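Trainee: Got a minute? I'd like to go through a structure with you.
Mentor: Sure, put it up.

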Amino acid sequence: MAEMMQIHHHFHIRWGMAIDIDKCTGCGACMVACQAENNIPPSPESFHRLESVHWLLVYKLSNGLEFPNHDVAYLPRPCMQCGNPSCVSVCPVIATTKDEEGAIVSQVYPRCIGCRYCMAACPYHSRVFNWYDPVWPEGMEKILTPYASVRPRGVVEKCTFCHHRYMDAQQMARAKGRDPKNSDVVNYVPACAEVCPTNAIVFGDLNNPRHEVTRLAKSRNAFRLLDRLGTEPQVYYLSSRSWVRRQGDNSLQQEKQRST
Amino acid sequence: MALDRRAILKFIAGGAVGTALTPIPLKLTDDISIWTQNWPWIPNIPKGPESIRPSLVKMGATEYGIRVTSVEGNPITASGNPDHALSQGGIDPLAASCVQMLYSPSRIDSPLVRDNGAFRSVSWARAGELLGNKLSGVKGRADSVGCISGDSTGSVNEVLSAFVSAMGSDTYYFPPSDAVSQSRVWHGLMSGRGDVGYDLENADFILCLGADILESWGTLVRNQKIFARGGKEVVYAGPLQTHTAAVADRWIPVGPDALGHLGLALAYHLRATGREHTAGTSGVQELRRFLEAEYAPNAGSKASGVAQNVVRWLAEKLLLAERPVVVPGTVGGIGGSALPFFAGTALNILLGRINRKGGVRCIPRPPQILDRAHNLSDIRDRDLGRYLHGVAEGETEPPQVLLINEANPAYSLPGDLFSRARKRIPFTVSFTPFMDETAAASDLVLPVPFFLERLEDSFTPFGSGSANYSLASPVISPLRNARPAADFVLGLSRQLGLDLGTDSFRSLLKTKVRYLDADWDVLTGRGIAWTDRTTAYQSGLRVWSSSIRQMLNAARPAAERSPRLALYTEINSGTDRIAIPPFGLKTLLENELQGDTFFLRMNRHTARQHGLGQGDLVKLTTEAGTLQAKVNLDEGVMSDVVAIPTGFGRTAWDKFSRGKGGNGYELLSLEPEEGSGLSRLSAAGLRISKV
């Protein structure tokens, strides 16, 4: 584990999230804000696990018990921005990297050749492939934002923790003569965290002890998805419910479940 | 120079180094990658200065301040307004889609008149002339004109209701909702003054008696912000694990028709402890006798379906909490029977929570500027279902012209009630930005600007803990040939020689702002709502009405054993007024909508009883109608309950919503409720069969 933690050392800022599942009502405001901010195209077809383009999904979790002992929870899943990302090492054209201050896994659309190795490698299904060209109904393209270029057919895309907001914050810091490498100065939030009406999504620098996310990540109720794979996700989840924490590791039924 | 071996090796080595160092191959690869993605049909993103303006969301759910970001004048995104008391920076998924709805394919381009069964586009002048001629012939008759308004907080109601009054009629209604049922019970059965609000901020124990406060009830985003701050215990009682139940401290399963019984069973326990507050309240002895006879522990438990120890635990919670409050409602926020609202409000009275910190706050009547207008509070006391039932059955004289302002009764009223009533109404006019189901069935369709394109206001949305007034200027000029309903009706009234008491909608709003002693610039410039924490003094509240017995008898379940229907609302799939937005469609998962088939929810026990499994296609049949759905096994639904989401089954609108799923309202029928002045919604005779 100590070796794994060393991979963060070269990042002064390590943006991360702490999502409190006990506060998430599953309303979906984060999903809509993400679509609007990042120019994710509409589709008249209903959800299709393999073909729908989405950067953030809210999963409904169940404790699996029958009524009346049933319990339910909602789990928003952005890109985990892994500290040890399995997608980066398999990209043949260096379209996805983790080498920039902030520790966000990048995705360079014009460089992507659509081989989808990264999708196969990602254990979180965070990446999506554009099977079709994006189409907006007539006039609706006017709501495109200047924040993310429109991706054509044949390109893989994913959540970027609203990297453009980070760049804007850095630019603002430079303009004001302040240190753009100080996360207290460039303290931005992604669109999903900004709109969350129950403040379930807390965003900040995991290397900055003054940021709430750092405190939350160390909570005894904190866990990460598929932690044992060693991908070192920068998205933490919190729940006081043990069954929710257990599902975070998604153990196979025949495996011995570790206590959480 | 001889071409010797050394020269060849030098050439090869030089070529290898050159190839490795030159940027040309990399550049060419990069260019190929870029230019094979740079097609003319891929839209370019805008570049230009950004601006942020406040607005006021009005999409049929709750209303609050938002901020709209624009690039070169074009709105691109919406977010919550941290300065607005009912947003506090939060936004719901429907409001977050509002900018996209500006460009919905279902927007109406110009006035449409029905001609030989099909719509024909006409000018505004022609539309005004046509409607003016219709109205001039019936002016002064009590049945001349009626109005249904889907906006229950705006000053547009002053103009429309003043117009209806000036025409000689008093037919003015809001669609059924929890707000209407609560208002009718408070004023009609309990002699309350002002309007009921909930000081949830300061409560320490919240019992949601059916009300899905974190998804579909009242001031949704404010409620979510209050929940986020923590420090209070929330218990949800209802037939399914709603979004509120998912994060509440406890879910108590109660049948959709038993919420009132649970409330009265709890009232019995308060009575039994002798700790209820009765000062200044009438009907206490009658209620005590009634509870003793009908809701003693065994009977109360049987009626509500909740175990005695759970009822007792909940009653103790209410008694031990310092600032408890009970929030009555229906799972889908669709209103209906007075019983749960009566029981919930009676509990608040008996707990001494009226006009107390963290309890029910009685908000003074909304201000009224136009003399002939109907007060919003009075309109909320009227039951549209009952009225249209009378029209459909021939018991009530139908209006000659029915104006429908941004309401969608053709979609959201039970069964075929609206279409039956519609057959007796000679001419219907729909004011709407979108081609919804009601517009599609109207004789004249008048496009109004979407709320982002017009001057808009709102006075105290249902559920607010204090009076508040919000006002917003347009963030963009109308994208269609649309006119605000208020301005059009003011023009029409001039044409008919009627004086409504104002020249324009703007001047009406200016007067209202002055009346409230508010600041126009603060309201519109910063999007900060005017607020007032004054409460309406209460005396002579009643906790008993002889009509309770009548309501209870009508509410008793039929002897036949059939599953009960619970309609629930999830705001990402729209409201009665707004169909599923394109953004919203992408938030629905594979066990909510698959192709054009949507899913109902039932637990395994219920499924086994009907021989059903996950994904089975079933037909639901009631006395009112039928629909098809797939089964999603969900243990978060109590046994013998079938849960169906609202918002699906659109027959108008656009390709993002039309034909997707079924309309749950079509399974309901409406029965006037004796004693309350409201209507019961019933899914009597519900049958499930595998297709």
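Trainee: Which side chain meets A:Arg241 in a salt bridge?
Mentor: That of A:Asp71, with 3.2 Å from N to O. Keep in mind that this is a predicted model.

Trainee: Where do the two residues sit in chain A?
Mentor: Both are in loops. A:Arg241 lies between strand E8 (235-238) and helix H8 (242-249). A:Asp71 lies between strand E2 (57-62) and strand E3 (72-77). They are 170 residues apart in sequence, so the pair ties together distant parts of the chain.

Trainee: Is A:Arg241 buried or exposed?
Mentor: A:Arg241 is buried, and A:Asp71 is buried too.

Trainee: What about the loop between E2 and E3, where is the proline?
Mentor: A:Pro68 is in that loop of chain A. A cis peptide bond joins A:Phe67 to A:Pro68, with omega at about 5 degrees.

Trainee: Next, backbone. What is phi for A:Leu226?
Mentor: It is near 50 degrees, a positive value in a residue other than glycine. A:Leu226 is in the loop between strand E7 (222-223) and E8 of chain A. Its relative accessibility is 14%, so A:Leu226 counts as buried.

Trainee: And what is phi for A:Glu232?
Mentor: About 55 degrees, positive again, and A:Glu232 is not a glycine either. A:Glu232 is in the loop between E7 and E8 of chain A.

Trainee: Why does A:Glu232 count as buried?
Mentor: Because its relative accessibility is 1%, and the cut-off for buried is under 20%.

Trainee: Back to salt bridges. How many are there over all chains?
Mentor: A search of the whole structure finds 44.

Trainee: Which residue pairs with B:Asp109?
Mentor: B:Arg480, at 2.8 Å from N to O. B:Asp109 is in the loop between helix H3 (98-101) and strand E4 (112-115) of chain B. B:Arg480 is in the loop between strand E19 (467-472) and helix H19 (485-495). The two are 371 residues apart in sequence, so this salt bridge ties together distant parts of chain B.

Trainee: How does B:Arg480 count for accessibility?
Mentor: Partly exposed, at 21%.

Trainee: What about B:Asp443, where is that?
Mentor: In the loop between helix H18 (437-440) and strand E17 (444-447) of chain B. The side chains of B:Asp443 and B:Arg422 form a salt bridge, 3.0 Å from N to O. B:Arg422 is in helix H17 (residues 417-422), and the two residues are 21 apart.

Trainee: Buried or exposed, B:Asp443?
Mentor: Buried, with a relative accessible area of 13%. B:Arg422 is buried as well, at 17%.

Trainee: Which other residues does B:Asp443 touch?
Mentor: Leaving out residues up to four places away in sequence, the contacts include B:Leu112, B:Val113 and B:Arg114. B:Pro426, B:Phe427 and B:Thr428 are also among them.

Trainee: Which residues does the salt-bridge network join?
Mentor: B:Lys58, B:Asp151, B:Glu406, B:Arg454, B:Glu456 and B:Arg577. Salt bridges that share partners make them one network.

Trainee: Switching to cysteines. How many disulfides are there?
Mentor: Zero, over all chains. For A:Cys192, the nearest cysteine sulfur is that of A:Cys162, 6.2 Å away. A disulfide would need the sulfur atoms within 2.5 Å. A:Cys192 counts as buried, at 9% relative accessibility.

Trainee: And how far is the nearest cysteine sulfur from B:Cys362?
Mentor: 19 Å, and it belongs to B:Cys208. B:Cys362 is buried, with a relative accessible area of 0%.

Trainee: Last topic, the interface. How many residues of chain B are in contact with chain A?
Mentor: 68, in contact with 65 residues of chain A. The chains bury about 5,400 Å² between them, 60% of it on carbon and sulfur atoms.

Trainee: How many salt bridges are there between chain B and chain A?
Mentor: Two. In one of them, B:Asp634 meets A:Lys60 at 3.2 Å from N to O. There are also 15 residue pairs in polar contact between the chains, both residues at pLDDT 80 or more.

Trainee: How do the residues on the chain B side divide?
Mentor: Into 32 nonpolar, 22 polar and 14 charged.

Key. Residues are numbered from 1 along each chain as its sequence is written. Chains are lettered from A and ligands numbered from 1 in the order in which they are written. This is a predicted model: local features need pLDDT of at least 70, side-chain atom pairs count only at pLDDT 80 or more; totals for chains, interfaces and linings use all residues. Side-chain values use heavy atoms; hydrogens and water are left out. Contact means heavy atoms within 4.5 Å. Buried area is the accessible area (1.4 Å probe) that two parts lose on being put together, summed over both. A salt bridge is a side-chain nitrogen of Lys or Arg within 4 Å of a carboxyl oxygen of Asp or Glu. A polar contact is a pair of N or O atoms within 3.5 Å; within protein, one must be able to donate a hydrogen and the other to accept it, and residues adjacent in sequence count only if both atoms are side-chain atoms. Ala, Val, Leu, Ile, Met, Phe, Trp, Tyr, Cys and Pro count as nonpolar, Asp, Glu, Lys and Arg as charged, and the others, Gly among them, as polar. Buried means under 20% relative accessible area, exposed over 50%, partly exposed in between (1.4 Å probe, protein chains only). Helices (H or I, at least four residues) and strands (E, at least two) are DSSP runs, numbered from the N terminus.
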